[in-house]
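Colleague: Please take one part of this model and go through it closely. Keep it plain enough for a first-year student.

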Amino acid sequence: MLKIINGQVYDPKNGINGVSKDLYIDGGRFVQPVQEAGETIDAGGCIIMPGGVDIHSHIAGAKVNSARIMCPEDHYDHFRAAADCTRSGVGHTIPTTFLTGYEYAGLGYTTVFEAAVPPLEARHAHEELEDTPLVDTGIYTLMGNNTMIMKALQEKDAAKRRETLRSLVSWLLASSKGYAIKVVNPGGVESWKWSAGTVDLDTPVQPFGISSRQILTALAETNEDLKLPHALHLHTNHLGDPGNVRTTLETMKTLTGHRVHFTHLQFHSYGITPKGGLKSAAPEIAEFMNAHPEFTCDAGQIVFGPVTTMTADSPMQFHLHETTGNKWGSFDVEMETGSGIVPLRYRPSVLFNASQWCIGLELLLLIKNPWQIVLTTDHPNAGPFTAYPQIIRLLMDADYRNSVIETLHPKVGHYTHLKDLKREYTLEEIAIITRSGPAKALGLSNKGHLGPGADGDLVIYQPHKDKEKMFASPVYVIKDGRIIVRDGIARQSFGGKRLVALPYGLKDLADGSLSQELAQDFADYYSISLRNFAVQYDYLPRMEVISCG
Amino acid sequence: MRHLKRYSALAKGLYTPEGRKDRKVVVIDVRPSPTSKNADIFLQVTPGADFEIVHVLRLLIAGKRLEGLEEESLVGGVAFRQWQELAELMKACRYGVVMFGIGLTQSRGKDLNAEELNSLIIELNAFTRFYAVAMRGHGNVNGSNQVLAWQTGYPLAVNFQRGYPRFNPGEFSVVDMLRRKEADAALIIATDPSAHLPQSAVNYLKSIPTIYLEPHENATTTWANVVIPVAPAGIGAGGTFYRMDNIPLQLKKLVDFAVPSDLEALQGIKEEVLRLKRGEAAC
Ligand SMILES: [Zn+2]
């Protein structure tokens, strides 16, 4: 039993907005007030929020680890020695697994989702997450360039097609022990493997002639058929291209009425100048989001400094390598997807980067409903997650924001609107975009709030005028009712839960199977045998299965 | 040969339904081998010319004119004309993979050869899809690279002397550490140093306390101070195997052995060390 008294509580889901309230945790969960004595924390003068939830981050698995190997220069100056309860680690933008857990916990985050895992490499991601302490985790399973899905989409009979997709997607999720369907540049990655060009929504992609639009509408429908807890998690076509707003809006129109999460939307909200340069299209995108409560998004906010870009969008990464001349790693994951890695630095003096920085903040300020947008940096693509406190200050403090705009490329005002935006986030709104909102978007009823039954995860902050300072160093971080961080130092280390979705229609995760035809394809074309495909339960010793439906 | 059959040459794919017939196999080696007998093109090169060969291919792919090289001039012991043909073949193919091994990485030029080859692969991607796969020696070498990378940031040659991981191949790699006589004890797992290390390194190991986890009797078990017999991985103990292309597979235990696995032996040692140190720190 742990009692936290006298704190000023922000619990937006339960309508509590800065009220003094005592909280009780027992058996790892919040409970109703009880008399029983126990350990008590006096949080007088402090602010309390639920544990943070990161809806989109790249922290574990094949491409993250390849990036660690590719970029030792990321690690040399960023190291932490082993201490009483914590192991050593290194890395600034691609920290080692233990360090990733400690740093997330140190910021008050207790739940993190790894955003892009090919089913064939899911076992690797789960192994790394086992070594990422103090946070509950889950993975999104990549499906937008999966050969078997594209083949299934050839079926002309709509009812049959829908049924095949239901079983195929169930099987992919259950095999990979995934939480959500992830789609990255649908069709575009496969097209690149054929050395064909970039794809628009209706470009037929070899070898089956299936288009991005077909993949998207089918998977959005399947996501709903399977009653999955999270929306379709979508990285749309043409990431990073000036003018991609056309594709993004067209995709949004196509998927209107469906539950879709548009990830790192900053990278997809680009207008184009007559000379082909970048200008902000955040107002158009925000307007669309404001009219469509069925959609959620995350920001993918740029942070100036070094980053390591990594994505399943291999054509985009090749393009980035060609335009920057920076080193490049690329991987082909058989029938499923590809991936690419390019280290990079965003500079305030570079007009393109400065505009990207403004566009992310514009989305955060122009999308009116904070439940529809989540704070992310698409770690480590747009910036490291350790920059979240800095972004919170940019959102809460317009004077500070304007002072940073002064340091950007002088022409940035011609192409962006940020300097005209006066909005400042409240603490309640910050609590929504960093914990309650993502928990709701993920369908996690036990996360992102402090009501009875919720996971006993909370953060105690010392109020500070400088919101970056306040959010960078919580006084206490509590997970499952255990004090994991006190005054910035991890006090204990243990493994978190692995969150796995059980698609509607399956009795358990071992229940999914392939149709005979697709099983034959698997046997013919995968380089491993079908019985070795599914991630064994040994890899998830603390699994929490979220039933759907 | 299993690799040729299962993956690289004979396998039938969705886009290569005829298997071997749909592929062109080129072997570059210093001598004929069973692999070269199965090749469409075999280029027998002179030893030590790897960097020069790859560099010439890069220049050809980039469309540079090579002054002073005639069709029949020899580059690495093979006519320049044949390299021109190979460069055209690489540019024109739909999908290419270069597999390379210690012939390239341990001969004259070493890491520079590998870097030059990677540059070639990157530049070929302006024309078509091309990949390189490093064919590493031992069983689960990639597994050890992967785990070290996610836990320490570096795949090999990691030094914990200062309490955090540092990386410098050539300084912290095992042969160098032993040559400088820096190690004062050794714990060896899953390799036979007598068979794989230079004699001087083995001699130094013999002079310090050496603990050896090993399933079989071999040259090292005859002199190691402590030999802990362990169950052979993949037969008597399960675990994850990382294939050379990073695909992770679970290996299951097939047979019971009367001895512990590597994991159990190490856990036992760790617990005992902690018991001896108890009182210092416990979480
Ligand atoms: Zn991402």
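Modeller: Start with two histidines. His56(A) and His58(A) are both buried. This is a predicted model, so treat each value as computed. Both histidines serve the zinc ion, each through its NE2 atom. Asp378(A) is also a protein donor, through OD. These donors lie 2.1 Å from the zinc ion. Now look along the chain. The spacing of the donors reads H-x1-H-x319-D.

Next, turn to where chain A meets chain B. Chain A brings 50 residues to the contact, and chain B brings 41 residues. How much area is buried between the two chains? The figure is about 3,800 Å². Carbon and sulfur atoms give 57% of that area. Three residues of chain A stand out here: Ile69(A), Trp194(A) and Tyr525(A). They supply 12% of the area that chain A buries against chain B, more than any other three residues. Why quote an area at all? The accessible area lost when parts come together is often used to give the size of an interface.

Charges and polar atoms come next. The count between chain A and chain B is one salt bridge. Glu334(A) forms a salt bridge with Arg243(B). The closest N and O atoms of that pair are 3.2 Å apart. Polar contacts add to the picture: there are 19 residue pairs of this kind between the chains, with both residues at pLDDT 80 or more. Finally, consider the side of chain A that touches chain B. Its residues divide into 20 nonpolar, 15 polar and 15 charged.

Key: Residues numbered from 1 in each chain as written. Chains lettered and ligands numbered in written order. Predicted model: local features only at pLDDT ≥ 70, side-chain atom pairs only at ≥ 80, totals over all residues. Heavy atoms only, no water. Contact = heavy atoms within 4.5 Å. Buried area = accessible area lost by both parts, 1.4 Å probe. Salt bridge = Lys/Arg side-chain N within 4 Å of Asp/Glu carboxyl O. Polar contact = N/O pair within 3.5 Å; in protein donor to acceptor, adjacent residues only side chain to side chain. Nonpolar A, V, L, I, M, F, W, Y, C, P; charged D, E, K, R; others polar. Donors = N, O, S within 2.8 Å, 3.2 Å for Na, K, Ca; no water. Buried < 20%, exposed > 50% of the residue type's maximum accessible area, 1.4 Å probe, protein only.
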